[in-house]
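Work through the exercises below with the sequence and the model side by side, and try each task before reading its solution.

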Amino acid sequence: MTTVLIVDDHPVVRSGLRAVLSSDAVEVIGEAATGEEAIALATHLKPDVVLCDLRLGEGIDGVETTSALRALDPAPAVLILTTYDRDAEILGAIEAGAAGYLLKDVAPETIADGIVRAAAGDMVLAPHLASRVLRSMRQPMPKLTDREIEVLRLLATGVTNKEIAKTLFVSEATVKSHLAHIFTKLGVETRSRAIHVAQETGLI
């Protein structure tokens with residue numbers, strides 16, 4: 001029997017997970033709404049696995065919670081269950097010590113199987129997520145300057161070069177120069193692609 005602590009800031013989600021995870025293989029021994037509460041409960045209950053959302057409202061997020069949980073003795077395995085699948089978020093969770101990363105649209109049996117596998121020391125990642133993680137790890141994050149990040153953030157709001165220039169108190173020529181550097185660093189050719197890559201990699 002694998003014991004699990006559920007961490008999610010939505011009561012309905014916690015109740016639903018408790019209902020679908022009750023089985024001969026998995027026993028839900030606690031629920032937490034925040035990262036801080038999860039750490040306190042894990043210290044006391046000592047679950048085999050903590051099933052944790054990535055976004056937890058106020059307080060620390062799932063990545064910070066994972067890092068703190070993995071520092072406990074004994075340390076539970078942490079399995080992230082979330083709706084967010086950006087590369088930067090997946091990598092952040094894995095680097096913090098998570099044993100796996102599942103999306104909330106998977107079947108209940110996949111979650112239960114993932115919990116058992118995480119407890120056994122396996123890495124739990126859907127094949128398409130695993131390939132993305134490997135690709136991201138092999139390709140270093142592009143290094144953009146603070147000003148280039150500013151330009152990208154403004155670009156993502158849908159404003160024109162002229163509006164960006166006005167906001168940043170620079171010329172349109174300077175904005176075009178920044179965009180040229182951004183496109184080169186991100187390996188893209190269009191504004192929409194630059195925004196997409198920046199969001200996927202967590203740059204903005």
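**Exercise 1. Locate Pro 76 in the fold, decide whether it is buried or exposed, and list what it touches.**

Step 1. Pro 76 sits in the loop that runs between helix H3 (62-70) and strand S4, where helices (H or I, at least four residues) and strands (E, at least two) are DSSP runs numbered from the N terminus. The model is a predicted one, in which local features need pLDDT of at least 70 and side-chain atom pairs count only at pLDDT 80 or more, while totals for chains, interfaces and linings use all residues. Residues are numbered from 1 along each chain as its sequence is written, and side-chain values use heavy atoms, with hydrogens and water left out.

Step 2. With a relative accessible area of 4%, Pro 76 is buried; the term buried stands for under 20% relative accessible area, exposed for over 50%, and partly exposed for what lies in between, with a 1.4 Å probe and protein chains only.

Step 3. Once residues up to four places away in sequence are set aside, Pro 76 touches Pro 47, Asp 48, Val 49, Val 50, Leu 69 and Arg 70, a contact being heavy atoms within 4.5 Å.

Step 4. As a distance check, the C-alpha atoms of Pro 76 and Arg 153 are separated by 38 Å, the two residues being 77 residues apart along the chain.

**Exercise 2. Write down the strand order of the open sheet, and find which helices pack on it.**

Step 1. The open sheet consists of six strands in the order S2-S1-S3-S4-S5-S6, with parallel pairing; two strands pair if DSSP finds at least two bridges between them.

Step 2. Strand S2 (26-32) and strand S6 (124-125) each have a single partner strand, so these edge strands are left without a neighbour on one side.

Step 3. Within the sheet, strand S4 (residues 77-82) and strand S5 (residues 100-103) pair in the parallel sense over four bridges, and Thr 82 stands opposite Leu 103 in S5.

Step 4. Helix H2 (residues 35-45) packs on the sheet by touching strand S1 (2-7) and S2, and its direction makes about 135° with that of S2; the axes are lines fitted to C-alpha atoms, for helices over the stretch in contact, and angles run from 0 to 180 degrees between N-to-C directions. Helix H5 (residues 108-119) also packs on the sheet, touching S1, S2, strand S3 (49-52), S4, S5 and S6, with a direction at about 155° to that of S4.

**Exercise 3. Count the salt bridges, and state which parts of the chain Lys 104, Arg 18 and Glu 148 tie together through them.**

Step 1. If a salt bridge is a side-chain nitrogen of Lys or Arg within 4 Å of a carboxyl oxygen of Asp or Glu, the count comes to seven.

Step 2. Lys 104 forms one of them with Asp 8, the closest N and O atoms being 2.9 Å apart. Because Lys 104 lies in the loop between S5 and H5 and Asp 8 in the loop between S1 and helix H1 (11-21), the pair ties together parts that are 96 residues apart in sequence. Lys 104 is partly exposed at 28%, whereas Asp 8 is buried at 2%, and a network of salt bridges links Asp 8, Asp 53 and Lys 104.

Step 3. Arg 18 bridges to Glu 31, with 2.6 Å between the closest N and O atoms; Arg 18 belongs to helix H1 and Glu 31 to strand S2, so parts 13 residues apart in sequence are tied together. Arg 18 is partly exposed at 32%, and Glu 31 is partly exposed at 24%.

Step 4. Glu 148 meets Lys 185 in a salt bridge of 2.9 Å, N to O. Glu 148 lies in helix H7 (residues 146-156) and Lys 185 in helix H9 (residues 172-186), so this pair ties together parts 37 residues apart in sequence. Glu 148 counts as buried at 4%, while Lys 185 is partly exposed at 36%.

**Exercise 4. Identify the residues with the most contacts inside the largest nonpolar core, and the elements that supply it.**

Step 1. A nonpolar core is a set of buried Ala, Val, Leu, Ile, Met, Phe, Trp, Tyr and Cys residues joined through side-chain atoms within 4.5 Å. The largest has 21 residues, and Val 7, Cys 52, Ile 80 and Tyr 101 have the most contacts inside it.

Step 2. At least two residues of this core come from each of S1, H2, S3, S4, helix H4 (87-95) and S5.

Step 3. A second, separate core has 20 residues, among them Leu 154, Ile 164, Val 197 and Leu 203.
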